[in-house]
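Reader: Hi! I'm in my first year and still learning how to look at a protein model. Could you take me through the inside of this one?

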Amino acid sequence: MNIILLGCPGAGKGTQAKLIEKKYNIKQISTGDILREEVKKGTELGLKVKEYMDKGELVPDEIVIKIVEKRLKNCKNGFILDGFPRTLNQALKLDEILEKLDMKIDAVINIEVSEDEVIRRLAYRRSCRKCGAVYNLIYNPPKNDEICDFCNEPLYQRDDDKEDVVRRRFKVYKESTEPLINFYKEKGILYTINGERDVDEVFNSIAEILENIQKSK
Ligand code: AP5
């Protein structure tokens with residue numbers, strides 16, 4: 001199955017992508033995680049994208065399109081795109097890439113969450129650099145204070161989770177990414193769900209959508 005997760009910053013795309021990956025054995029492609037990894041390693045690409053990410057701006061389309069194209073070639077079992085596409089241009093390029101690879105999108109899941117909830121969530125988000133697990137110190141805390149449950153590594157807070165940067169990211173989302181909701185609605189593959197519920201409840205809604213799609217294949 002090939003899935004896109006749409007939603008504003010902090011909507012829960014990464015959290016849900018990991019649950020989908022585990023249950024359905026399909027690969028998560030998170031452009032944010034890939035870019036952060038490049039920044040962490042201090043590669044040429046990392047240095048180039050850091051300034052955009054720190055300000056909450058989008059990285060130029062050609063950079064992220066190249067990253068996604070390379071990974072899609074190894075996803076014959078299916079993929080979950082998390083954080084891509086984010087502009088109409090990226091969505092159009094994705095269509096071209098998928099056509100060349102003889103693949104298609106089965107579902108675009110739009111996770112809806114309000115700006116106030118996002119600000120609350122991101123201030124308390126902590127992540128593990130080693131395994132990528134994402135926690136929230138209030139809603140889903142690790143068992144031991146700021147230590148990853150899976151690999152015992154200390155958790156870290158993302159640089160772009162400061163309130164002013166989060167507000168900028170939200171504005172960028174509204175301007176550049178929200179129009180994709182209509183783009184995919186017109187293609188008849190959009191499913192919108194309420195993201196302001198427990199992680200498990202949100203996941204159950206996604207699983208129901210995916211199982212209906214599987215049955216109809
Ligand atoms: P990216 O990493 O993709 O950030 P984002 O889209 O802003 O999304 P987040 O990772 O902040 O949130 P999420 O929806 O994954 O939520 P999460 O599950 O973590 O991108 C970062 C930057 O990279 C961009 O600003 C841009 O510069 C660049 N970039 C990336 N892709 C790009 C592209 N395609 N084009 C151009 N530039 C690009 O959850 C958030 C928190 O809430 C966590 O603490 C979690 O535990 C908690 N939580 C999750 N679900 C729930 C729930 N149901 N209830 C309560 N808490 C919850």
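What percentage of the residues of the protein chain count as buried?

Author: Happy to! Keep in mind that this is a predicted model. Of the 217 residues in the protein chain, 49% count as buried.

Let's get the overall picture before going inside. The chain's secondary structure comes to nine helices and seven strands. Its C-alpha atoms fill a box of roughly 45 × 40 × 30 Å along the principal axes. The radius of gyration is 17 Å, which agrees with the value near 17 Å that a compact globule of 217 residues would have. Sequence distance is worth a look too: if you take contacts between residues at least 6 apart in sequence, 69% of them join residues at least 24 apart.

Now for the inside. In soluble globular proteins, nonpolar side chains tend to be buried together. Here, the largest nonpolar core has 60 residues, and the ones touching the most other members are Ile20, Leu72, Phe79, Leu94, Ile109 and Tyr184. Helix H9, residues 199–216, gives the largest share of this core, with seven residues. Apart from that core there is another one, made of six residues, including Ala133, Tyr135, Cys148 and Leu155.

Let's pick Phe79 out of the big core. You'll find Phe79 in strand E3. Its relative accessibility is 0%, so it counts as buried, the cut-off being under 20%. If you skip residues up to four places away in sequence, Phe79 still touches Met1, Asn2, Ile3, Ile26, Lys27, Ile29, Leu72, Leu98, Met103 and Ile105. Leu72 in that list is also one of the core members named above. For a feel of how the chain folds back, try Phe79 and Ile4: they are 75 residues apart in sequence, yet their C-alpha atoms are 8.2 Å apart in space.

Ile4 turns up again around Tyr184. Leaving out neighbours within four places in sequence, Tyr184 is in contact with Ile4, Leu6, Pro85, Ala91, Leu94, Val108, Ile189 and Leu190. Pro85 in that group is worth a click. Pro85 sits in the loop between strand E3 (79–82) and helix H5 (88–100), and the peptide bond joining Phe84 to Pro85 is cis, with omega at about -5°.

Follow H5 onward and you come to Asp102, in the loop between H5 and strand E4 (107–112). Asp102 has 72% relative accessibility, so it counts as exposed. Its backbone has something to spot as well: phi is near 55°, a positive value in a residue other than glycine.

Next, the other core, by way of Leu155. This residue lies in the loop between strand E6 (134–136) and helix H7 (163–177). Being in a loop doesn't put Leu155 on the outside: at 10% relative accessibility, it counts as buried. Setting aside neighbours within four places, the contacts of Leu155 are Arg126, Ser127, Cys128, Tyr135, Pro142, Glu146, Ile147 and Cys148. Tyr135 and Cys148 are among the members of its core. You can also compare the C-alpha atoms of Leu155 and Asp145, which are separated by 9.0 Å and sit ten residues apart along the chain.

The loop between E6 and H7 also holds Asn152. At 59% relative accessibility, Asn152 counts as exposed. Here again phi is positive in a residue other than glycine, this time near 60°.

Tyr135 leads us on to Tyr124, in the loop between H6 and strand E5 (125–127). Tyr124 is in contact with Tyr135, Asn136, Leu137 and Ile138, not counting neighbours within four places in sequence. With a relative accessibility of 37%, Tyr124 counts as partly exposed. Its C-alpha atom is separated by 8.3 Å from that of Gln157, 33 residues away along the chain.

A charged residue can be buried too. Glu117, found in helix H6 (residues 115–123), is buried, with a relative accessible area of 9%. Beyond its neighbours within four places in sequence, Glu117 is in contact with Tyr139 and Glu196.

Last, step back to the whole chain. It has 39 positive and 39 negative side chains, and the centres of those two sets lie 3 Å apart. The chain exposes about 11700 Å², with carbon and sulfur atoms supplying 47% of that area.

Methods
Residues are numbered from 1 along each chain as its sequence is written. This is a predicted model: local features need pLDDT of at least 70, side-chain atom pairs count only at pLDDT 80 or more; totals for chains, interfaces and linings use all residues. Side-chain values use heavy atoms; hydrogens and water are left out. A nonpolar core is a set of buried Ala, Val, Leu, Ile, Met, Phe, Trp, Tyr and Cys residues joined through side-chain atoms within 4.5 Å. Buried means under 20% relative accessible area, exposed over 50%, partly exposed in between (1.4 Å probe, protein chains only). Helices (H or I, at least four residues) and strands (E, at least two) are DSSP runs, numbered from the N terminus. Contact means heavy atoms within 4.5 Å. The radius of gyration is taken over C-alpha atoms; the globule rule is 2.2 Å times the number of residues to the power 0.38. Accessible areas come from the Shrake-Rupley method with a 1.4 Å probe; for residues, only the protein chains shown count as cover. Lys and Arg count as positive and Asp and Glu as negative; His and the chain ends are not counted. The place of a charge is taken as NZ of Lys, CZ of Arg, CG of Asp or CD of Glu.
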